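Q: Please take a close look at one small sheet of this model and at the side-chain links around it. A connected account is preferred, with the rest of the chain brought in afterwards for context.

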Amino acid sequence: MTQIPMYQQIVQAIRKQIASGELESGAQVPTEAELSKDYGVSRITSKRALTELEHEGLITRVRGKGSFVRERELRLPAGGTAVKNSSEVLLLLPFSHNPGLGNYEQGMHDYLDAAGHTLHIQANSVANQRRLLEHALLGSHQGLIFYPVHSHTDLDLLYQYALRQFPVVLMDKRLEGIPFPSVVSDNLGGGYEAATYLIRHNHRRIAFLSWSAAAVSYTIRERYWGYLKAMHEHHLPAPGAVELSTADPGQPADITQAHYSRAIGVLREQGVTAIVANNDLTAIECIRAAQGLGLSVPDDLSVIGFDDIQMAEYIVPGLTTIAQDFARIGYLAAETLIRQIRNPYQVQSSAVVPVTLVERGSVKTLQS
């Protein structure tokens, strides 16, 4: 569970009371002074909690009288008939069986349970993403949290969501020209930190390795730009991005161990001593391929990943990586979606979640 600020804990508690009916429409909400006493916090903290609830449309504040639970509004669907809002939101998450995906769901549940909403999860892929989006647009869900497989597909359909003002929040990617709020990791900062870490360990020939072209993937592109920024600031040559697959970016990449072995062989011939991989799965396959070629990691080749999946801790050597806070991303995505549902005419801001370097055993310090 993520660490939740005290004002948010107060917000969650009052949301839960409203959702359960303990605080009915028109009921008075505890005052700033009462909340400060009950939770052992400052008046500033309790005031911030009430302001947050007001911004979400859950309460109204009347000067000199206090705060009161607001009547819930009805939403007009495309047909124009007013219906009661359902409490269910939909999450479309790609490749749910993939060990490279983090625990977004826990963060979402932390927020949605307290807000009186339920989460319905469907696994999408390149093959079925469009069908799922078409079905969701006509369904009864109150909103959609969407993790796109790619950042360049089904844009016409997603724009229909925007035209209909259907509440949508993106995770992991941003879509150019589609006005949805997004919650992403600091991919640029992470790529920069990964390359800078290797430079601090006296590596000068550092390559960026990815499973597909940076041009077609938002996350890979941001991480690659971070790598380029670090190399530029330290006046080092950047060999460029090595792409393991040249397949159609709209199709699943069929990458074998031979792809990794060939790439590592070429990089070693170029004098590369370290690799920044676009994610942990790529980094782990790099380590296995290097070991298969008789190379030692990190003595012959240093490798750093991105994500901090569970496997990164148990591979030998342990993988040094840039950790994403998956639960925090899920929490903020759920929070942003509910705000959008409750305040359909209020523009919602996107969020960038900080990343953290996790040091393990896959990077060696070279002699200067």
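A: Within the small sheet, Ile59 has Val69 of strand S3 as its bridge partner. The model is predicted, so to speak of local features requires pLDDT of at least 70 and side-chain atom pairs count only at pLDDT 80 or more, while totals for chains, interfaces and linings use all residues. Residues are numbered from 1 along each chain as its sequence is written, and side-chain values use heavy atoms, with hydrogens and water left out.

The Ile59–Val69 pair belongs to the contact between S2 and S3 (residues 66-69), an antiparallel pairing over 4 bridges. Strands here are DSSP runs of E with at least two residues, and helices are runs of H or I with at least four, both numbered from the N terminus; two strands pair if DSSP finds at least two bridges between them. The sheet is open, with 3 strands in the order S1-S3-S2 and antiparallel pairing. Strand S1 (28-29) and strand S2 (59-62) each have a single partner strand, so one side of each edge strand is left without a neighbour in the sheet.

Helix H3 (residues 43-55) lies across S1, S2 and S3 and runs at about 120° to S2. Contact means heavy atoms within 4.5 Å; the angle, on a scale from 0 to 180 degrees, is taken between N-to-C directions of axes fitted to C-alpha atoms, for helices over the stretch in contact.

Glu32 joins this region through two side-chain links. A salt bridge is a side-chain nitrogen of Lys or Arg within 4 Å of a carboxyl oxygen of Asp or Glu, and the structure holds 12 of them. Glu32 forms one with Arg43, the closest N and O atoms being 3.5 Å apart. Because Glu32 lies in helix H2 (residues 32-39) and Arg43 in helix H3, this pair ties together parts that are 11 residues apart in sequence. Glu32 also meets Arg61 in a salt bridge at 3.0 Å, N to O. Arg61 lies in strand S2, so this second pair ties helix H2 to a part that is 29 residues away in sequence.

Burial is judged by relative accessible area: buried is under 20%, exposed over 50%, and partly exposed in between, with a 1.4 Å probe and protein chains only. Glu32 counts as buried at 18%, whereas Arg43 at 48% and Arg61 at 27% are partly exposed.

Elsewhere, an open sheet of 6 strands has the order S10-S9-S11-S12-S13-S15 and mixed pairing. Its edge strands are S10 (241-243) and S15 (356-358), each pairing on one side only. Strand S12 (302-307) contributes Asp307 to a salt bridge with Arg223 (3.8 Å, N to O). That pair links distant parts of the chain, 84 residues apart, with Arg223 in helix H8 (residues 218-233). Both partners are buried, Arg223 at 5% relative accessibility and Asp307 at 8%.

The protein chain contains 12 helices and 15 strands, and 49% of its 368 residues count as buried. Its mean pLDDT, the predictor's confidence in each residue from 0 to 100, is 86, with 89% of residues reaching 70 or more. Over residues 73-85 pLDDT stays under 50, and the model has 14 contacts beyond four places in sequence for that stretch. Where pLDDT is low, the predicted coordinates should not be read in detail.
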